Amino acid sequence: SGVISGSMRMYEYNCAPVSASLTGRVSGNTLVLEIRGMIRSSKGSLTKRGEKAEEDERKAAEAGENALRLGLTDRQKIQVALISQGFDTRGVDGTFGARSREMIAAWQRSRGHPATGYLLAAQQQALLREASAAVSKFDDDERKKADEAKRKADDEAKARPAPPLAPAVPVGPTPTAPAPQVSTAPASAFD
């Protein structure tokens, strides 16, 4: 007879991490094992201990995504990439609302990553690489829109009448009053 103990990390079908500890004892020809840990229910919720670990992982992923400093166009490209991969964000507005977060989490789950709803740098690169054709088309469409907007602004500027010119101002020295005339005639005796 003896005691066995240890810990292991198991994965469910959707690859969400599940940690467990294993203890057991041997008695004669019988092995009795006890497994304790975070177990995902059929509805997908975790036990309280697991919820804390999941929340910590989500916070770390959120900080990782914030470090990427994603701009509006970066977020739009991610939404385009998700849609092209079958994860419908219901629009490409560059805002990561609840639906975009759900679709990021679904994409992460499908790729074996923890489903936090926040992208890490490597995940962002992988997603954009997987959807490179759709992202390239988005870039081309955005360039065309910008070119069209510039062309329209130029056409409108040409169509506007020129502003009226200011009255002409003489160029050169400012005119002065004429100098008094001095007579060169001889002085008369009647002066």
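A residue counts as buried when its relative accessible area is under 20%. I start there because R101 comes in at 18% relative accessibility and so counts as buried. What you have in front of you is a predicted model, and R101 is a charged residue by class, so I will come back to its neighbours in a moment.

The overall picture comes before that. The protein chain has five helices and three strands. Read from the N terminus, the order is β-β-β-α-α-α-α-α. Of the 191 residues in the protein chain, 21% are buried. The accessible surface is about 14,100 Å², and carbon and sulfur atoms hold 56% of that surface. As for contacts in the chain with a separation of 6 or more, 33% of them join residues 24 or more positions apart.

Back to R101. This residue sits in helix 3, residues 98-110. Which residues does R101 touch, leaving out those up to four places away in sequence? They are E65, F96, G117 and Y118.

Now the helix packing. Two packed helices are described by the angle between their axes and by the distance between the axes. I have two pairs to show, and helix 2 is in both.

The first pair is helix 2, residues 72-84, with helix 5, residues 132-159. Their axes come within 8 Å and cross at roughly 135°. That angle makes helix 2 oblique to helix 5, because roughly antiparallel would need an angle over 145 degrees. The crossing of helix 2 past helix 5 is right-handed. On the helix 2 side, the contact is made by T73, Q76, K77, V80, A81 and S84. Helix 5 brings A134, V135, F138 and D139 to the contact. Sorted by class, the contact of helix 2 with helix 5 has five nonpolar, three polar and two charged residues.

The second pair is helix 2 with helix 4, residues 121-130. Here the axes are 9 Å apart, and the packing angle is about 55°. Helix 2 and helix 4 are therefore oblique to each other, since the roughly perpendicular range is 65 to 115 degrees. This time helix 2 passes in a left-handed crossing. Helix 2 makes the contact through K77, I78, A81 and L82, and helix 4 through Q124, L127 and L128. The classes in the contact of helix 2 with helix 4 are five nonpolar, one polar and one charged. If you are following on the structure, K77 and A81 appear in the contact with helix 5 and again in the contact with helix 4.

Next, the loops on either side of helix 2. Where does R69 lie? R69 is in the loop between helix 1 and helix 2. Its phi is near 50°, which is a positive value in a residue other than glycine. R69 is exposed, at a relative accessible area of 71%. In the loop between helix 2 and helix 3 there is R90. Phi of R90 is also positive, near 65°, and this residue is not a glycine either. Is R90 buried or exposed? At 63% relative accessibility, R90 counts as exposed.

One last residue, A67, found in helix 1, residues 48-67. A67 is exposed, with a relative accessible area of 59%, because the cut-off for exposed is over 50%. A67 and L120 are 53 residues apart in sequence, and their C-alpha atoms are 8.9 Å apart in space.

Definitions and conventions: Residues are numbered from 1 along each chain as its sequence is written. This is a predicted model: local features need pLDDT of at least 70, side-chain atom pairs count only at pLDDT 80 or more; totals for chains, interfaces and linings use all residues. Side-chain values use heavy atoms; hydrogens and water are left out. Axes are lines fitted to C-alpha atoms, for helices over the stretch in contact, and angles run from 0 to 180 degrees between N-to-C directions. Helices (H or I, at least four residues) and strands (E, at least two) are DSSP runs, numbered from the N terminus. Angles under 35 degrees count as roughly parallel, over 145 as roughly antiparallel, 65 to 115 as roughly perpendicular and the rest as oblique. A crossing is left-handed if the near helix is turned anticlockwise from the far one by less than a right angle, and right-handed if clockwise. Contact means heavy atoms within 4.5 Å. Buried means under 20% relative accessible area, exposed over 50%, partly exposed in between (1.4 Å probe, protein chains only). Accessible areas come from the Shrake-Rupley method with a 1.4 Å probe; for residues, only the protein chains shown count as cover.
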